[in-house]
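Student: I should like a close look at a single part of this protein. Please take one strand and describe its surroundings in a connected account.

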Amino acid sequence: MKDKPFQKDQIFLREALRLARKGIGWTNPNPLVGAVIVKDGHIIASGYHQKVGFPHAEIEAFNNAKTSVKDTTLYVNLEPCVHYGRTPPCVDVIIKSGVKRIVCSTLDPNPKVHGQGLVKLQKAGIEVNVGILESQSRRVNEAFFTFHEKKRPFIAVKFAASLDGKIATRTSDSKWITHEKARQFSRSLRSQYQAVLVGINTILYDNPHLGARIKGRKDPLRIILDASLKIPLKAKALRDSNVIIATSSTADKEKKKKLEEKGVTIISFNNHTTPLEELLTALKKYEIVSILVEGGGKTIGNFVDKKLVDKVYAFHAPILIGGEDAISAVRGEGAKTIKDAVKLYRITFKRFGDTMLTVGYRE
C-alpha cells in the first residue's frame, strides 16, 4: 500500500499534467509543462507553459503566487531547464525562490538539460524526487521525447476509409465517407500537431485547407511532397507562408521562385521522389517535433513501408466501396508477410455516429 505522501504527490502531479495539456499545439518545439506550488498540503499557485517564447511553467507559477513560496514543494511534470534558450534557465529562479522540495515526473530528454537541472537543484540543497507518473508524463510529451530520443519528428498517420480500406472510389470520389462528427474531430487533430503533411495528389484532387478551422486553435504548418512542383499557386494550402514544399532539385526553377516570393519554404532533394529519411532530417533542423500525415494512400504507404510511423488514427465507416481501381488508404509496397506488418499496441476506440475511430501506437 502506497504511503500518504506518495498519494499526495500523485494528486499534485496529475494537476500539473492537466495544466500542461492546456498548451497543446502552442508550445512547439518546447514541451508541454505544468507546475503546481504546494504549502501545508494546499496549492497556493500554479501555471503552465502557454506558448513558445512565453515564460515556462515554473516561472508562471511563481508569478501567480500571492504569498511567499519559501519552504514550499514545487510539482512539475518535466525536469526544470538549466540552459539559456528562448528564455533564461528555470533552475536559477527556483533556487533563488526558496523552494524546499521539487517533485518531477521525468527527466528532460533534451541533452542540454537531461539530469543537469536536478543535479544543480540538489547541489543547492533542494530535495528532489523524480519518477512519479513517469509514463503519463512521457505520453503527454510523446512528440518531444521522440524528437530528442529518435532524432526525428514524431509521426502520426490519419485516414478515413470504408470497411474494406478504401479512401475513394475508382472515380476518386471521397466526399464523404465518414460521419460529420468524425470529420470535425479529424480536423481538430491538426491543431495538436506542429505540422500536417500530404502528397501532391491530395492537393490536386481535394484542394484541402489543411487547417484546424477552430476558433482558438492554432493552424499547423503545411508540408507538401511535390517532386515536380505541380501545386497550383492558388491552392488553399498556399493561403499564407506557413508552408514547406519538398521537391526535386530539377523542378521548375521559375515555379520555385514564385513560391518563395509567396513566403513558401522550399526543400530540394536530388531525387524524383522525396526521400523520407532525408526529409525528416531536414525538418528536424527546422525544429519540427510532430507531423500528422494525412495522405494520400501512396504517401501514407511510404511512411508505413519505411516504418516511420509512431501513431495511427484510423476512421472506418460502415460502407463497402470495393473495386480493384478504388484507392486504398495505405498503398506502397506493403508487408511481405503478416509477421512483417506494422502491429499496433495501446489500442483505444472512439465512436462518432456510425464511424469508428481506432487509435494505436507502433511498438
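**Strand β10 and its neighbours**

Tutor: In this predicted model, strand β10 spans residues 243-248 and is mostly covered, with six of its six residues buried. Buried here denotes a relative accessible area under 20%.

The strand has a pairing partner in β9, which comprises residues 221-225; these two strands run in the parallel sense and are joined over four bridges. One position can be located exactly: R222 has V243 of β10 as its bridge partner.

β10 also pairs with strand β11, formed by residues 265-269, again in the parallel sense, here over five bridges. Within this pairing, A246 stands opposite I267 of β11. In a regular strand, side chains alternate between the two faces of the sheet.

The connection to β11 involves a helix: β10, helix α9 (residues 253-261) and β11 together make a β-α-β unit, and this unit is right-handed.

For a view of another part of the model, one may turn to the second largest pocket, which holds about 710 Å³ of space. Its lining consists of 30 residues, and those closest to the pocket centre are R139, E142, Q192, K311 and Y361. Two or more lining residues come from each of α5 (134-140), α6 (142-149), β13 (311-317), β15 (344-352) and β16 (355-362). Of these, β15 gives the most, with four residues. Sorted by class, the lining has 16 nonpolar, eight polar and six charged residues.

Key:
Residues numbered from 1 in each chain as written. Predicted model: local features only at pLDDT ≥ 70, side-chain atom pairs only at ≥ 80, totals over all residues. Heavy atoms only, no water. 1 Å grid on protein atoms, 1.4 Å probe; cavity = no way out; pocket = protein on both sides within 12 Å on 5 of 7 lines; lining within 4 Å. Points joined across faces, edges and corners; volume = space filled by probe spheres on them. Nonpolar A, V, L, I, M, F, W, Y, C, P; charged D, E, K, R; others polar. Buried < 20%, exposed > 50% of the residue type's maximum accessible area, 1.4 Å probe, protein only. Pairing = 2+ DSSP bridges. Right-handed = clockwise from strand over helix to strand, strands pointing away.
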